[in-house]
Structures are given as C-alpha cells and as structure tokens.
Amino acid sequence: MWLMTDFAQPARRTFMCASAAIGSAALLTACGDGHSEAQTPDAKDIPTPSGEGQVLMKAADLPVGSRAAAPAKHPNGEKAAVLLFRKDEKTVLAYSNKCTHQGCAVSPKSDKNDFYCACHGSRYEPKDGTVLAGPAKAALTRYAAEIKGKDIVVYVTDES
Ligand code: FES
C-alpha cells in the first residue's frame with residue numbers, strides 16, 4: 001500500500017510504502033534491500049548524538065536492508081520526515097529527507113533500492129547518503145541514530 005503524508009510544507013511531502021502504524025501516529029516504509037558496504041569520501045559525517053532523541057519507530061518494523069521515512073520534529077519546529085535505513089541488526093542510519101539539489105522531499109519509494117527524489121530524479125545511497133545519480137551533487141545530511149531497546153531513536157539536528 002502506498003501512502004503520501006504531507007507534513008507542514010509541500011516540499012517535504014513523503015511517499016511511504018508497505019505502511020504500518022507505529023505507536024499512535026507514525027507511519028513507516030519498508031522497501032527492499034540496500035547496496036554494498038563501501039562508504040564514499042563524499043559522505044557526510046554522522047554527528048555525535050546530542051539533545052533529545054526521538055523514537056521514530058520500532059526496530060522490529062524496519063527489517064535489515066529496508067528503507068523507511070518517519071515523521072520527526074526538527075529543532076526549528078517543523079515536522080518533516082527522516083529517512084531511515086536498517087544497515088544491519090544493530091545499526092540504523094538516518095538522513096534528512098531534504099534533497100541537496102533544490103530541497104524537494106527525498107523518498108524511500110524507489111525501484112532501485114535507493115532513496116529517490118522525484119522532482120528531478122536524484123538518487124542517494126542508503127548506506128551513506130551519497131549521490132548515486134544527479135542532478136544533486138552533495139550527500140544527504142545525516143543524523144545520529146541508534147537502536148535503544150526495541151525502538152529506533154534519532155537525534156534530529158539542524159541542516160548543515
Ligand atoms: S530537488 Fe531533488 S532532484 Fe531536484
């Protein structure tokens with residue numbers, strides 16, 4: 001089942017697939033396998049966890065190799081989706097869904113096991129957020145994320 005959720009701004013619309021209710025409000029996506037292990041030099045650093053972490057979904061609802069988008073509160077007060085990728089049993093990676101080309105919402109909905117921006121076709125690697133296909137040139141902004149107990153906790157920071 002495909003769903004589209006509109007958070008606060010049109011530029012942050014997010015497509016979701018294989019949705020499931022998480023807690024009382026969150027929806028998620030689980031969309032297939034990822035790519036190889038290598039992280040390119042263009043990948044942005046994962047920041048150190050700081051501030052208040054947010055539980056975005058249950059770890060059990062994001063199988064290894066799956067991608068998702070879940071709504072989160074941002075420091076500026078906006079509510080916008082965070083992209084998630086379950087790298088392995090113990091590791092979840094989190095990214096801003098703001099396309100580095102012109103700011104459209106990047107989605108986990110893709111037929112190529114990547115994160116995809118439908119505005120102009122940019123594609124990003126789920127394992128490090130780097131650009132697989134332009135016109136975007138810069139990697140996605142990363143957030144610290146961890147699996148705490150049964151939850152996926154993400155530390156959303158300002159865009160950098
Ligand atoms: S805004 Fe994403 S490809 Fe142009």
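**Entry 1: the six-stranded sheet**

I started with the open sheet of six strands, which I read off in the order 5-14-13-8-7-6 with antiparallel pairing. Before going on, I noted that this is a predicted model. Strand 5 (54–58) and strand 6 sit at the edges with a single partner strand each, so each has one side without a neighbour in the sheet. I also looked up the twist, and from one strand to the next it averages 35°.

**Entry 2: the whole chain**

I stepped back to count elements: the protein has 14 strands and zero helices. Listing them from the N terminus gave me β-β-β-β-β-β-β-β-β-β-β-β-β-β, which was quick to write down. Of the 160 residues in the protein, 42% are buried. I then checked contacts between residues at least 6 apart in sequence, and 56% of these join residues at least 24 apart.

**Entry 3: strand 6 and its partner**

Is strand 6 mostly covered or mostly open? I went through residues 67–73 and found six of the seven buried, so to speak a covered strand by the 20-neighbour cut-off. Strand 6 runs antiparallel to strand 7 (residues 79–88), and seven bridges join the two. I picked out two pairs along this ladder. Ala 70 stands opposite Val 82 in strand 7, and Lys 73 has Lys 79 of strand 7 as its bridge partner. I looked at the turn as well: the hairpin of strand 6 and strand 7 has five residues between the strands, and Gly 77 there takes a positive phi near 95°.

**Entry 4: the core**

Which residues have the most contacts inside the largest nonpolar core? I got Val 82, Leu 84, Ala 94 and Val 154, in a core of 33 residues. Strand 5, strand 6, strand 7, strand 8 (91–96), strand 10, strand 13 (142–148) and strand 14 (151–155) each put in at least two residues. Strand 7 gives the largest share, with six residues. Val 82 had already turned up in my notes as the residue opposite Ala 70.

I took Ala 94 as a test case and listed its contacts, skipping neighbours within four places in sequence. The list reads Val 82, Leu 83, Leu 84, Arg 142, Tyr 143, Ala 145 and Val 154. Among them are Val 82, Leu 84 and Val 154, which I had just written down with Ala 94 as the residues with the most contacts inside the core.

**Entry 5: the four-stranded sheet**

Next I opened the other sheet on my list. It is an open one of four strands, ordered 9-10-11-12 and paired antiparallel. Strand 9 (106–107) and strand 12 (131–133) are at its edges; each has a single partner strand, so one side of each lacks a neighbour in the sheet. I found two bridges between strand 9 and strand 10 (residues 115–117), paired in the antiparallel sense. Val 106 stands opposite Cys 117 in strand 10.

**Entry 6: Asp 114**

Where does Asp 114 sit? I placed it in the loop between strand 9 and strand 10. Why do I call Asp 114 buried? Because 22 other C-beta atoms lie within 10 Å of it, and the cut-off for buried is 20 or more. Leaving out residues up to four places away in sequence, I have Asp 114 touching Arg 123, Tyr 124, Glu 125, Pro 126 and Leu 132. I checked Pro 126 separately: it is 12 residues from Asp 114 in sequence, and the C-alpha to C-alpha distance is 5.7 Å.

How values were computed: Residues numbered from 1 in each chain as written. Predicted model: local features only at pLDDT ≥ 70, side-chain atom pairs only at ≥ 80, totals over all residues. Buried ≥ 20, exposed ≤ 12 C-beta atoms within 10 Å, placed from the backbone. Contact = placed C-beta atoms within 7 Å. Pairing = 2+ DSSP bridges. Axes fitted to C-alpha atoms, helices over the stretch in contact; angles between N-to-C directions. Core = buried A, V, L, I, M, F, W, Y, C linked by C-beta atoms within 7 Å.
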